[in-house]
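Good morning, and thank you for making time for this presentation. I would like to walk through one structure with you, beginning with its internal spaces and then turning to helices, charged pairs and cysteines.

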Amino acid sequence: ILIPTFAFLFSVAGIQGWLSRQWHLCRAFYKAICFLLAVLTIGCGLFGVSTERIYGHDEATVLSIAAAFRHGQPLYPRAEAPVEYALLYGPVTFLVYLPPMFAGVERLGAYQLWVLIALAGTYAFVYFALRPKFGTFVALGNTALLAVFVSRFAGSEWGIKGDIWILFFAALGLWAYMSLSNWATAVVLAISGAILVDLKATLLVIALLPCILLWQRERRAHLPAFLGVCFIPIFALLPFALPGISLAGYAEQLRDASHDGFSKSILNTNLYFLLFMFLPSLGLLWMALNENLDATRSWLRRRAWYLIAFGIAALVATLTGAKNGAGPYHCMALAIPLLLVNTELWNTASLGRTKAVLLRPRSGAPLWALGGSMLVIAISALIQVAGGSMHYFPRSAPAPMPSVERDLIAIMKQYPTTTLQMGYSDTYHYYLTFMRPVLQMHGYPLFIDPDARNEADLIGKPLSPAVLGAMDRCEISIWIIPRGGEPFSMEAPYFVNRNV
């Protein structure tokens with residue numbers, strides 16, 4: 001509905017003449033909108049910081065595991081261990097939250113602020129990567145486009161887990177390729193690529209994409225690019241040299257995750273989101289073919305290997321994101337490599353003639369239509385997520401997070417030497433357990449996590465004899481249960497009429 005509407009408005013007689021006369025005003029408005037959109041995606045997330053709002057239970061699990069590791073527990077306990085809390089996330093997902101913990105930070109709002117700082121850093125890397133070569137107009141436009149994608153999954157990108165850090169280190173790689181010398185670029189790409197793989201194992205192809213670009217830069221860049229590729233897996237293994245991070249334990253999580261089935265509905269949603277992401281690229285390709293056919297063909301030949309690898313990465317993201325319990329936010333990792341495609345297509349189409357190209361109906365109409373539509377979509381998505389954080393969610397929640405934190409601190413003071421563990425009651429009160437990382441931050445051991453149990457339940461993996469034995473021996477002295485529901489009566493999220 002939006003795209004044809006904006007296309008029609010642009011094609012109305014006289015509108016091009018008005019835009020031409022007011023071009024300086026249009027450029028100023030464009031820059032202001034791009035900057036404001038990026039700021040809004042960060043500013044709206046601050047509501048979660050002020051209310052200590054957590055957007056999903058996996059965030060609580062990530063912080064709990066990171067804090068448990070901080071106090072000496074393993075990151076990936078083996079199947080025979082008397083605990084169950086491991087997730088299939090890569091080790092860096094947990095390690096990136098250790099700096100605030102080592103600084104003694106215990107408020108969950110501070111970790112949400114840590115995530116928003118990473119989001120601001122991502123925007124900065126994208127902008128400063130593209131501006132020197134392509135100009136402010138292109139750099140701001142791509143930063144705003146990334147903000148549109150972020151707004152679509154704001155709850156995930158604001159989340160205290162690995163999603164935003166994937167964008168951050170992918171943007172770091174883009175900045176390195178655009179700004180540094182061959183050897184410096186290779187070093188940064190090897191490090192950032194290894195971190196991407198250690199955030200999510202399926203990101204290997206995305207980690208290699210900048211190395212392909214470096215290889216194509218010039219003949220002297222071949223050796224640095226080759227060594228960058230070689231050192232990505234070597235650096236990716238370094239976290240497993242740390243005490244408490246077991247490569248075998250991580251492999252067990254990946255093996256268990258491979259047993260998850262595929263969801264046709266999630267696959268369809270992933271394809272829909274991919275189309276949403278690719279629309280600007282298709283519009284720019286249309287513009288480039290219309291404006292400069294020979295140069296566009298030359299660009300397609302020059303970037304053939306990069307585009308093929310990007311297609312493989314898109315296929316991997318779509319399929320792995322279609323497994324039960326996943327979703328289209330897995331495709332967000334494609335955003336940064338896609339921005340470079342958009343930038344080079346625009347550069348091929350415009351050849352410095354920004355005003356002339358944008359005001360030509362055949363070429364400019366698709367971009368005006370897409371730009372206006374995505375702006376509306378981004379603002380509505382931000383209103384939905386931020387509005388829910390400010391109004392709907394706090395009113396519908398059983399209790400505000402700060403009061404839950406005060407309860408937990410009072411209980412810890414009352415039982416300073418007792419083994420405490422957060423349990424759960426019914427589904428409605430499960431939200432109250434999202435404060436469970438507070439226990440691990442104060443040094444209480446992590447025994448069993450409901451999120452990890454959900455994932456194990458999905459593949460039919462029962463509690464291990466070691467965990468059941470620990471329960472029989474009452475190794476947890478006191479279970480903290482949210483008031484108002486029957487203990488351990490929460491429904492399993494992946495099954496109907498079945499408890500976790």
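Let me begin with the lining of the largest cavity, which by class has 15 nonpolar residues, three polar residues and no charged residues. Please keep in mind throughout that this is a predicted model.

That cavity is one of four in the structure with a volume of 30 Å³ or more. It encloses about 150 Å³ of space. The lining comprises 18 residues, and those closest to the centre of the cavity are A170, G173, L174, P210 and I336. Which helices supply at least two residues each to this lining? They are α11 (163-179), α12 (182-199), α13 (204-217) and α19 (335-350).

The second largest cavity holds about 60 Å³. Its lining consists of K200, T202, L203, I206, A313, V316, A317, T320, H330 and A333. Here the classes divide into six nonpolar residues, three polar and one charged. Helix α18, residues 304-320, gives the largest share of this lining, with four residues. As a general remark on such spaces, rolling a probe the size of a water molecule over the atoms shows where empty space is left.

I turn now to two of the helices. Helix α9 covers residues 136-152, 17 residues in total, and spans 24 Å from its first C-alpha to its last, close to the 24 Å expected at 1.5 Å a residue. Is this helix enclosed or open to the surroundings? Of its 17 residues, 14 are buried, so α9 is largely enclosed by the rest of the structure.

Helix α22, residues 401-414, has 14 residues and reaches 20 Å between its first and last C-alpha, close to the expected 20 Å. Its buried residues are M401, S403, V404, E405, L408 and M412. When reading such a list, it helps to recall that an α-helix has 3.6 residues a turn, so residues three or four places apart point the same way.

One further helical position deserves a brief mention. A110 lies in helix α8, residues 108-134. A110 is partly exposed, because its relative accessibility is 32%. Between A110 and P100 there are 8.2 Å in space, C-alpha to C-alpha, and the two are ten residues apart in sequence.

The next topic is charge pairing. In general, side chains of opposite charge can pair when their charged atoms come close. The structure contains nine salt bridges, and I shall describe several of them.

In one of these, the side chains of D58 and K161 meet with an N to O distance of 3.1 Å. D58 belongs to helix α5 (residues 57-70), while K161 sits in the loop between α10 (154-157) and α11, so this pair ties together parts that are 103 residues apart in sequence. D58 is buried, with a relative accessible area of 12%, and K161 is buried as well, at 9%.

Another salt bridge joins the side chains of E84 and R453, at 2.5 Å from N to O. Since E84 lies in the loop between α5 and α6 (91-95) and R453 in helix α24 (residues 450-458), the pair ties together parts that are 369 residues apart in sequence. What is the burial state of these two residues? Both E84 and R453 are buried.

A further example is R303 with E344, whose side chains meet at 2.9 Å, N to O. This pair links distant parts of the chain, with R303 in the loop between α17 (293-302) and α18, and E344 in helix α19, 41 residues apart. R303 is buried, with a relative accessible area of 7%. E344 also counts as buried, because its relative accessibility is 10%.

Salt bridges also form a network, which links R255, D256 and K461.

Finally, the cysteines. How many disulfides does a search of the whole structure find? The search finds zero. C230 is accordingly in no disulfide, and the nearest cysteine sulfur, that of C211, is 9.6 Å away. For a bond to be counted, the two sulfur atoms would have to be within 2.5 Å. C230 counts as partly exposed, at 29% relative accessibility, whereas C34 counts as buried, at 8%.

That concludes the presentation, and I would welcome your questions.

Note on methods:
Residues numbered from 1 in each chain as written. Predicted model: local features only at pLDDT ≥ 70, side-chain atom pairs only at ≥ 80, totals over all residues. Heavy atoms only, no water. 1 Å grid on protein atoms, 1.4 Å probe; cavity = no way out; pocket = protein on both sides within 12 Å on 5 of 7 lines; lining within 4 Å. Points joined across faces, edges and corners; volume = space filled by probe spheres on them. Nonpolar A, V, L, I, M, F, W, Y, C, P; charged D, E, K, R; others polar. Expected span 1.5 Å × (residues − 1). Buried < 20%, exposed > 50% of the residue type's maximum accessible area, 1.4 Å probe, protein only. Salt bridge = Lys/Arg side-chain N within 4 Å of Asp/Glu carboxyl O.
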